[in-house]
Amino acid sequence: MQLAILDAAAKVFTTFGFAAASVDVIAKEVGATKGSVYYHYRSKADLFFAVHKRAMTMNLQAQVPVARDEAINAHQKLHDMAYQHAMLMMDHLYYQRVTVQGVELHQSASTTPAERLALAEVVAMRDAYEELFRGVLHAGIAERIFEALDCDLAIKGILGALNWITVWYRPRDTDTKLYKEKVARQFARQAIFGVAPVQ
């Protein structure tokens, strides 16, 4: 039931935004009572952060094995990680859109102390995720596979482009796995081109 609630909440938060979303609408989306939602989550904010945390957990679980794979070089790692990230954006669009809202909420002064504590946890997860990319970029620069760029700016450019998928991508019944793979491959290639040495 908890996973079903999170799935429904991710969709509702994406559709209405955090402020306009309500537990009533989330309960209706999952086909449950409002009380059953509150049984698992004390408030709308708790539910929001649970969705955000699940998204970041999915992302880290997908990327850590790639980042730590010693059998491939930094070039292949960055390509594979960018590809994975693009696929995550499309395959779990509602969850990923909530992570964008979470960043916006983090920048808001209207959060409560409890919300700021929950935000700190997901922001730490986000930082750990970015660190995976930073480590690969540093390794690639050391190996002279990548241009000697400012890694922090490079990460912002790469993840910014990949995260923008959540803004323009809308799933359609006609979408196929092949289409999503094509999108992910192109974004991965563009990520590599962005840090490739200037010839």
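The legends below describe close-up views of a predicted model.

**View 1. Buried residues of helix α2.**
Helix α2 spans residues 23-30. Three of its residues, Val23, Ile26 and Ala27, are buried. They sit on the same side of α2, because they cover an arc of only 100° around the axis. The cover over these buried residues includes three other helices: α1 (2-20), α3 (34-40) and α4 (44-67). Glycine 31 follows α2. The phi of glycine 31 is positive, near 75°.

**View 2. The segment 22-41 and its UniProt annotation.**
An unreviewed UniProt entry places the feature "DNA-binding region" at residues 22-41. That label comes from the record. In the model, this stretch of chain is 75% helix and 0% strand. The C-alpha atoms at its two ends are 13 Å apart.

**View 3. Threonine 166 in helix α9.**
Threonine 166 belongs to helix α9, residues 165-168. Is threonine 166 buried or exposed? Its relative accessibility is 1%, so threonine 166 counts as buried; the cut-off for buried is under 20%. A polar atom of the threonine 166 side chain lies 2.8 Å from the backbone oxygen of asparagine 163. Leaving aside residues up to four places away in sequence, threonine 166 touches Met89, Leu93, Gln96, Arg97 and Val100.

**View 4. Tryptophan 164 in the loop between α8 and α9.**
Tryptophan 164 lies in the loop that joins α8 (151-163) to α9. Its relative accessibility is 53%. Tryptophan 164 therefore counts as exposed, the cut-off being over 50%. Threonine 166, by contrast, is buried. How far apart in space are tryptophan 164 and alanine 86? From C-alpha to C-alpha, the separation is 9.6 Å. Along the sequence, tryptophan 164 and alanine 86 are 78 residues apart.

**View 5. Glutamate 131 in helix α7.**
Helix α7 covers residues 113-142 and contains glutamate 131. With a relative accessible area of 42%, glutamate 131 is partly exposed. That class applies because the value falls between the buried limit of 20% and the exposed limit of 50%. A second residue, alanine 45, serves as a distance reference for this view. Glutamate 131 and alanine 45 are 86 residues apart along the chain. Their C-alpha atoms are separated by 27 Å.

Key: Residues are numbered from 1 along each chain as its sequence is written. This is a predicted model: local features need pLDDT of at least 70, side-chain atom pairs count only at pLDDT 80 or more; totals for chains, interfaces and linings use all residues. Side-chain values use heavy atoms; hydrogens and water are left out. Buried means under 20% relative accessible area, exposed over 50%, partly exposed in between (1.4 Å probe, protein chains only). Helices (H or I, at least four residues) and strands (E, at least two) are DSSP runs, numbered from the N terminus. The arc is that of the directions from the helix axis to the C-beta atoms. Contact means heavy atoms within 4.5 Å. UniProt positions are given in the numbering used here, feature names are shortened, and annotations may be inferred rather than shown by experiment. A polar contact is a pair of N or O atoms within 3.5 Å; within protein, one must be able to donate a hydrogen and the other to accept it, and residues adjacent in sequence count only if both atoms are side-chain atoms.
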